[in-house]
Amino acid sequence: MADNLPTEFDVVIIGTGLPESILAAACSRSGQRVLHVDSRSYYGGNWASFSFSGLLSWLKECQENSDSKEETAAAWQDLIHETEEAIALCRKAETIQHTEVFCYASQNAEDSVHEIGALQKDASSVSDTLTEPLHSAEMPEERQSDITSNEIPVEQTPRSDSKVSLEESDTEESLDKEKYCGEKTCVHPVSDGDMVENKPTVEDSTSQPKRNTITYPQMVKESRGFNIDLVSKLLYSQGSLIDLLIKSNVSRYAEFKNVTRILAFREGKVEQVPCSRADVFNSKELTMIEKRMLMKFLTFCLDYEQHPDEYQDFQQCLFSEYLKTKKLTPNLRHFILHSIAMTSDSSCTLDGLKATKNFLQCLGRYGNTPFLFPLYGQGEIPQCFCRMCAVFGGIYCLRHKIQCLVVDKESGRCKAVIDHFGQRINANYFIVEDSYLSKETCSTVQYKQISRAVLITDQSILKTDSDQQISILIVPPVEPGACSVRVTELCSSTMTCIKGTYLVHLSCESSKTAREDLESVVKKLFTPFAETEVDEEELRKPRLLWALYFNMRDSSGVSRSSYCGLPCNVYVCSGPDSGLGSEHAVKLAETVFQEIFPSEEFCPPPPNPEDIIFDGDDKQPDVPGTSTVTVAKLESPEEGENLESPLQN
């Protein structure tokens, strides 16, 4: 039972986000006794993925956190000795703000009433068998309870990556009125009468596209067909996270798909950007002269360090100004700046050249674009590392709150934590996710914010012969000094949305609330929901079925010295950053690990089963599992030879 945990560990890790999960795997792999806890009922923290109903439950929880008052002091203060002092941890995470939900899909009163009552029921209605796939935030009550076994309740069954196609219907989808309720999270049911009023009248025409009819009750009913990420990221095929997944053999726990196309938004239209040499010369958007100019510049970027005379006079200039000196056309400059380098207008020349080179180096490893996306969402990646930690003996407890850190006054080091059962757990090192630190500890910290939007739409922003496209689009800012908006569109074959829908993520650095930052881009790409008269151009746009806006705290730029009163053996992990990749999380995890265990290798490959030496014996025991060392389901040498096999093109 979780109220009777072992009292001695080498490392206690609080929070199950990506950097904490990587650290847990690395520490456990190096032979350390690891306790990994999270006060939430799901893995991943702000890196998690949710079903549709699970996401609504998460929104309700965020609202309760913002409305609730601080709890009274707990009894743990009586457990602190005279030679000790305590650092209280935060009871309610405050990393999510300004949540706003809008429902545009058709619905009726009966279905909306049923949905509101089903928010919390859905998570507890999942089968209790281990063979049932479990997704973040959808764990059943029995298995969400405090866990002390060396196995974690993540998905066990093989998943099929079958291709699915969208079914189209002649029935036109209605547009609903927007009903907004300030900063509070709410779902707005719309009456049938309202929908009839706003339904556009369009004459039958063979040129009009067929539209899918997806209703809100259908999305709730097929809730588990969605896996909605809180953070919008992709994996660079030559990035540090992919390299770590392959090196540690954690890649066997996940499957990936290629991002199939990179898009650009120019002059009010969405276009596909040519990436590979073949794409460049097959492109109809570029003239023959532009194709040669583009290939010449990209060839230079691959080894720009060898030609410093080409750029050293422009090192302090903006990358956009440097592109003008290369006599590139406006069309090419736009493609390079926003779709290849993916930098802002304020980026310097060296940063732009470095980003362009990184993009080009990632091409061709797994497909025609540099990016991969994990099936079932980004929330799978932290769970994969948690599984590795559990395989090597780590102990996991969800919904397990740590109330305080216990610090020895004489040495100034943290010696233990006290959980919500009042149990004291001793350890040598402590790793804490930033959101668990109290306001007093973070009193001098200045946080940035990320503006996020999650949309469910009925068709792709750029239709092609294939309806199973995974796309990334950078929408440049309209006003100088503003941030670009990154748009990622996922199809149903990524297992993140149901057939007949697309899941669209928007993300940028915050300047205002998420809705204020992103709504203008949403209106450019999707049909406005409140217009009673819709012209032919608007009908070609995808239609919004559902939308969520929220701001997420970005603690990636906070230095350790900014936190007040932390002992030297307490390390802080940040939440998600605003970047496209996860390089910051990997670098942070490796840096912290090397500080704690400088002589240990970071996440080495797992050993072959025949090389494992069990404690108390020179040879492997006849009955696996009877030794004090826990080894679970290590692959055979033949299975371990091809480490890259799960990474599908």
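Strand 2 (residues 34–38) and strand 12 are paired in the parallel sense over four bridges, and within this pairing Tyr396 of strand 12 is the bridge partner of His36. The description that follows refers to a predicted model. Strand 12 spans residues 395–398, with Ile395 and Cys397 pointing one way and Tyr396 and Leu398 the other way. The residues on both of these faces are buried.

The pairing of strands 2 and 12 belongs to an open sheet of five strands, arranged in the order 12-2-1-16-22 with parallel pairing. Strand 12 and strand 22 (570–573) are the edge strands, each pairing on one side only. From one strand to the next, the twist averages 15°. Helix 1 packs on this sheet and touches strand 1 (11–14), strand 2, strand 12, strand 16 (429–433) and strand 22. The direction of helix 1 makes about 160° with that of strand 2. Helix 17 lies across strand 16 and strand 22, and runs at about 170° to strand 22.

Helices 1 and 17 also contribute to the surroundings of helix 8. In helix 8 (residues 240–248), the buried residues include Leu241, Ile242, Leu244, Leu245, Ile246 and Ser248. The elements that cover them include helix 1 (18–29), helix 14 (380–391) and helix 17 (583–596), together with strand 7 (235–236), strand 8 (256–258) and strand 11 (371–374). Just after helix 8, Asn249 adopts a positive phi of about 65°.

A further open sheet consists of eight strands in the order 5-21-17-20-19-18-9-10, and its pairing is mixed. Its edge strands, each pairing on one side only, are strand 5 (96–103) and strand 10 (269–272). The twist in this sheet averages 20° from one strand to the next. Strand 18 (residues 471–475) pairs with strand 19 (residues 485–490) in the antiparallel sense over five bridges, and Ile472 stands opposite Thr488 in strand 19. Helix 15 (residues 514–525) packs on the sheet, with its direction at about 145° to that of strand 21 (544–554). The strands touched by helix 15 are strand 5, strand 9 (261–266), strand 10, strand 17 (448–457), strand 18, strand 19, strand 20 (502–509) and strand 21.

Helix packing is illustrated by helix 10 (residues 288–302) and helix 13 (residues 349–362), whose axes come within 8 Å and cross at roughly 95°. The two helices, helix 10 and helix 13, are therefore roughly perpendicular to each other. From helix 10, Phe297, Leu298, Phe300, Cys301 and Leu302 take part in the contact, meeting Leu353, Thr356, Lys357, Leu360 and Gln361 of helix 13. Seven of the residues in the contact of helix 10 with helix 13 are nonpolar, two are polar and one is charged.

Aromatic pairs, defined by a ring-centre distance within 6.5 Å, come to a count of 17. In one of these, the ring centres of Phe50 and Trp58 are 5.9 Å apart and the planes lie at 35°, so the pair is tilted. Phe50 counts as buried at 1% relative accessibility, and Trp58 counts as buried at 3%. For Phe319 and Tyr322, the ring centres are 6.5 Å apart and the planes lie at 20°, so this pair is stacked. Phe319 and Tyr322 are three residues apart in helix 11 (residues 319–325), and are thus separated by about one helical turn. Phe319 and Tyr322 are both buried.

The tilted pair also forms part of a cluster, in which ring pairs link Tyr42, Phe50, Trp58 and Phe550. Trp58 is located in helix 2 (residues 52–67). When neighbours within four places in sequence are left aside, the contacts of Trp58 are with Tyr42, Phe50, Ile96, Leu230 and Phe550.

Over the whole protein chain, the secondary structure comes to 18 helices and 22 strands. Of its 649 residues, 56% count as buried. Among the contacts in the chain with a separation of 6 or more, 75% are between residues 24 or more positions apart.

How values were computed. Residues are numbered from 1 along each chain as its sequence is written. This is a predicted model: local features need pLDDT of at least 70, side-chain atom pairs count only at pLDDT 80 or more; totals for chains, interfaces and linings use all residues. Side-chain values use heavy atoms; hydrogens and water are left out. Axes are lines fitted to C-alpha atoms, for helices over the stretch in contact, and angles run from 0 to 180 degrees between N-to-C directions. Angles under 35 degrees count as roughly parallel, over 145 as roughly antiparallel, 65 to 115 as roughly perpendicular and the rest as oblique. Contact means heavy atoms within 4.5 Å. Ala, Val, Leu, Ile, Met, Phe, Trp, Tyr, Cys and Pro count as nonpolar, Asp, Glu, Lys and Arg as charged, and the others, Gly among them, as polar. Buried means under 20% relative accessible area, exposed over 50%, partly exposed in between (1.4 Å probe, protein chains only). Two strands pair if DSSP finds at least two bridges between them. Rings of Phe, Tyr and Trp (its six-membered ring) pair if their centres lie within 6.5 Å; planes under 30 degrees apart count as stacked, over 60 as edge-to-face and the rest as tilted.
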